[in-house]
Amino acid sequence: MKLILLGAPGAGKGTVAKLLTKLDGSVQISTGDILRGAVQAGTELGKQAEDYMKRGDLVPDELIMGIMESRLQEPDCEKGFLLDGFPRTIPQAEALKELLQKLGIKLDMAVNIDVPREVILDRLTTRRTCSNPECQAIYNVKSNPPKKEGVCDKCGSPVIQRDDETVEAINHRLETYNEKTAPLIGFYEKEGLLVTVNATSSEDVIAAIKEKLGQ
Ligand code: AMP
């Protein structure tokens with residue numbers, strides 16, 4: 001399947017994408033994961049992105065399109081892909097449309113995961129992430145803590161609170177979402193690709209996506 005996952009930070013895009021990869025071998029492409037990996041590895045991309053990310057601002061569109069143009073042409077994308085956290089602005093959505101046309105790729109749909117703000121705030125402040133850039137497993141101190149406190153179940157690396165998950169940065173990310181990313185809902189509606197799912201559990205979101213795909 002070839003999907004865009006839209007939704008505010010904390011809507012569950014990453015969790016849903018990970019579950020969907022198990023259905024048909026489609027790959028999850030998270031620009032946030034790619035950028036965090038680059039920051040930790042200290043690459044040129046990481047250095048350019050780091051300050052924006054810490055503040056909860058978006059990284060410039062040119063940097064993101066550079067990443068995505070090569071990522072979408074890697075062979076593992078042939079089976080399908082789940083775009084998680086990309087596109088995030090209208091110029092990114094327009095550039096993606098052009099890129100997909102050039103590559104002869106057709107999207108199945110853009111899924112807008114619509115979750116109430118109180119749920120989002122609660123999730124983001126209690127979310128913890130594995131610090132290993134190769135893993136980046138997601139936990140929640142209330143609903144899904146690691147078996148051993150502070151240690152990733154999957155790879156044994158420390159589980160941390162992200163720099164951009166302080167209350168201040170979270171509020172800023174949500175404002176950025178409303179201003180820059182929410183307009184994509186209208187964009188994909190016009191493209192005839194939008195599917196909105198109002199569900200807080202990832203299983204319900206998966207069930208709705210499967211139904212829409214006719215699976
Ligand atoms: P995420 O893990 O998707 O919440 O992304 C974490 C941070 O990475 C965001 O707050 C942005 O600073 C940056 N980022 C991720 N994806 C994008 C994107 N498509 N465009 C611009 N910045 C992005």
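The following paragraphs lead through the sheets, the pockets, the cavities and the salt bridges of this structure, which is a predicted model.

The description may begin with the sheet of five strands. This sheet is open, its strands are arranged in the order β2-β3-β1-β4-β8, and the pairing is parallel. Its edges are formed by β2, residues 27-30, and β8, residues 194-197, each of which pairs on one side only. From one strand to the next, the twist averages 25°. Within this arrangement, β1 (residues 2-6) and β3 (residues 81-84) run parallel and are joined by four bridges. In this pair, L3 lies opposite L82 of β3. A helix also packs on the sheet: α9, residues 202-213, touches β1, β4 (109-113) and β8. The direction of α9 makes about 155° with that of β4.

A further sheet is built from three strands. It is likewise described as open, with the order β6-β5-β7 and antiparallel pairing. Because β6 (138-140) and β7 (159-160) stand at the edges and have a single partner strand each, one side of each lacks a neighbour in the sheet. The pairing of β5, residues 127-130, with β7 is antiparallel and extends over two bridges. Here C130 is found opposite V159 of β7.

Attention may now turn to the open spaces of the model. The largest pocket has a volume of about 690 Å³. It is lined by 29 residues, and T15, I138, N140, N144 and S202 are the closest to its centre. Four elements give two or more residues to this lining, namely α1 (13-24), α6 (117-126), β6 and α9. Both sheets are thus represented around this pocket in a particular way: β6, an edge strand of the three-stranded sheet, contributes to the lining, as does α9, the helix that packs on the five-stranded sheet. The largest share nevertheless comes from α1, which supplies five residues. By class, the lining of the largest pocket comprises eleven nonpolar, ten polar and eight charged residues.

The second largest pocket has a volume of about 290 Å³. Its lining consists of 17 residues, and those nearest its centre are R36, V39, Q40, R162 and D163. At least two residues come from each of α2 (31-41), α3 (44-55) and β5. The largest share is that of α2, with four residues. Five of the lining residues are nonpolar, six are polar and six are charged.

What space is enclosed within the model, and how many cavities of 30 Å³ or more does a search of the whole structure find? The search finds two such cavities. The largest of them holds about 600 Å³ of space. Of its 36 lining residues, G32, R36, R88, R162 and R173 lie closest to its centre. Two of these names have already appeared, since R36 and R162 are also among the residues nearest the centre of the second largest pocket. The elements α1, β2, α2, β5 and α7 (167-181) each supply at least two residues to the lining of the largest cavity. Among the elements, α2 gives the most, with five residues. The lining of this cavity divides into nine nonpolar, 16 polar and eleven charged residues.

The second largest cavity has a volume of about 40 Å³. Its lining is made up of L5, L6, G7, K13, G85, F86, P87, R88 and T181. Of these residues, four are nonpolar, three are polar and two are charged. R88 takes part in the lining of this cavity and is also one of the residues closest to the centre of the largest cavity.

The account closes with contacts between charged side chains. Side chains of opposite charge can pair when their charged atoms come close. The structure holds 13 salt bridges. One of them joins the side chains of E50 and K54, with an N to O distance of 3.7 Å. These two residues are four residues apart in helix α3, so about one helical turn separates E50 from K54. The helix that carries this pair, α3, is also one of the elements that supply at least two residues to the lining of the second largest pocket.

Notes. Residues numbered from 1 in each chain as written. Predicted model: local features only at pLDDT ≥ 70, side-chain atom pairs only at ≥ 80, totals over all residues. Heavy atoms only, no water. Pairing = 2+ DSSP bridges. Axes fitted to C-alpha atoms, helices over the stretch in contact; angles between N-to-C directions. Contact = heavy atoms within 4.5 Å. 1 Å grid on protein atoms, 1.4 Å probe; cavity = no way out; pocket = protein on both sides within 12 Å on 5 of 7 lines; lining within 4 Å. Points joined across faces, edges and corners; volume = space filled by probe spheres on them. Nonpolar A, V, L, I, M, F, W, Y, C, P; charged D, E, K, R; others polar. Salt bridge = Lys/Arg side-chain N within 4 Å of Asp/Glu carboxyl O.
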